[in-house]
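Okay, thanks everyone, let me get the next one up on the screen. I'll take a few minutes on it, and please keep your questions until I'm through.

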Amino acid sequence: MLTAEQVLASHKANLETLFGLTAKAFEGVEKLVELNMTASKAAITEAAETTQALLTTKDAQELLALQASLFQPLAEKTASYSRHLYEIASGAGSEFGKTFEAQAADVQKKFLAVVDNAAKNAPAGSETAVAVFKSAVAAGNNALESVQKAVKQASDVAEANFNAAATTAVNAAKSTSTSRTAKR
């Protein structure tokens, strides 16, 4: 049986975890706001510079050259913004995942202690039932570990695909910009 002190300690630990996760969530929001503020400031500055450049163009050829010169940096900045956004999201997700894994491991350990205690105090002849129950618990733990590994692998694959897509987009922008310049 759980004592009042154990219940209070458990509630205290849960509250600390909740507040820790809340702090991590706010850190992620702060990083996102900072990223968006930086991107917005840069976009406003670049819009002013582009407008100035557009106002000083003398002919259509110069306008096309200006347009071509803007395309590649825009693609690179968009890819960079997406990478930063992904890093913020994956960092926050990683923190939540670590906390979940730690909580799950703690609950598992406590549950196994209860099962072992129950097995020690079980009436004679119930050894088979206790063994079956322990086997079921072990199978559940193995399934949980397999799911966690699969989620980690899927996350790694998604990150690799994201990075590859971002690199491809930047390279495509470079080649498009280069081919436009070469045609002139």
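One bit of vocabulary before I start: when I say buried, I mean under 20% relative accessible area. And keep in mind that what you're looking at is a predicted model.

So, the overall picture. We've got three helices and zero strands, and from the N terminus the order just runs α-α-α. Now look at the outline. The C-alpha atoms fill a box of roughly 100 × 35 × 10 Å along the principal axes. The radius of gyration is 28 Å, where a compact globule of 184 residues would come out near 16 Å. And how much of the protein is buried? Buried residues are 10% of the 184.

Let's zoom in on helix 1, residues 4-55. That's 52 residues, going 76 Å from the first C-alpha to the last, and the expected value at 1.5 Å a residue is 76 Å too. Which of its residues are buried? Those are Leu21, Gly28 and Leu35, and helix 2 is part of what covers them.

Helix 2 itself is residues 60-120. Its axis comes within 10 Å of the helix 1 axis, and the two cross at roughly 175°. Anything over 145 counts as roughly antiparallel, so that's what we call this pair. As for who sits in that contact, by class there are 14 nonpolar, eight polar and five charged residues.

Last one from me, back to the whole protein: of the contacts with a separation of 6 or more, 78% are between residues 24 or more positions apart. Okay, over to you.

Technical notes:
Residues numbered from 1 in each chain as written. Predicted model: local features only at pLDDT ≥ 70, side-chain atom pairs only at ≥ 80, totals over all residues. Heavy atoms only, no water. Axes fitted to C-alpha atoms, helices over the stretch in contact; angles between N-to-C directions. Helix = DSSP H or I, 4+ residues; strand = E, 2+ residues; numbered from the N terminus. Parallel < 35°, antiparallel > 145°, perpendicular 65-115°, else oblique. Nonpolar A, V, L, I, M, F, W, Y, C, P; charged D, E, K, R; others polar. Expected span 1.5 Å × (residues − 1). Buried < 20%, exposed > 50% of the residue type's maximum accessible area, 1.4 Å probe, protein only. Contact = heavy atoms within 4.5 Å. Rg over C-alpha atoms; globule rule 2.2 N^0.38 Å.
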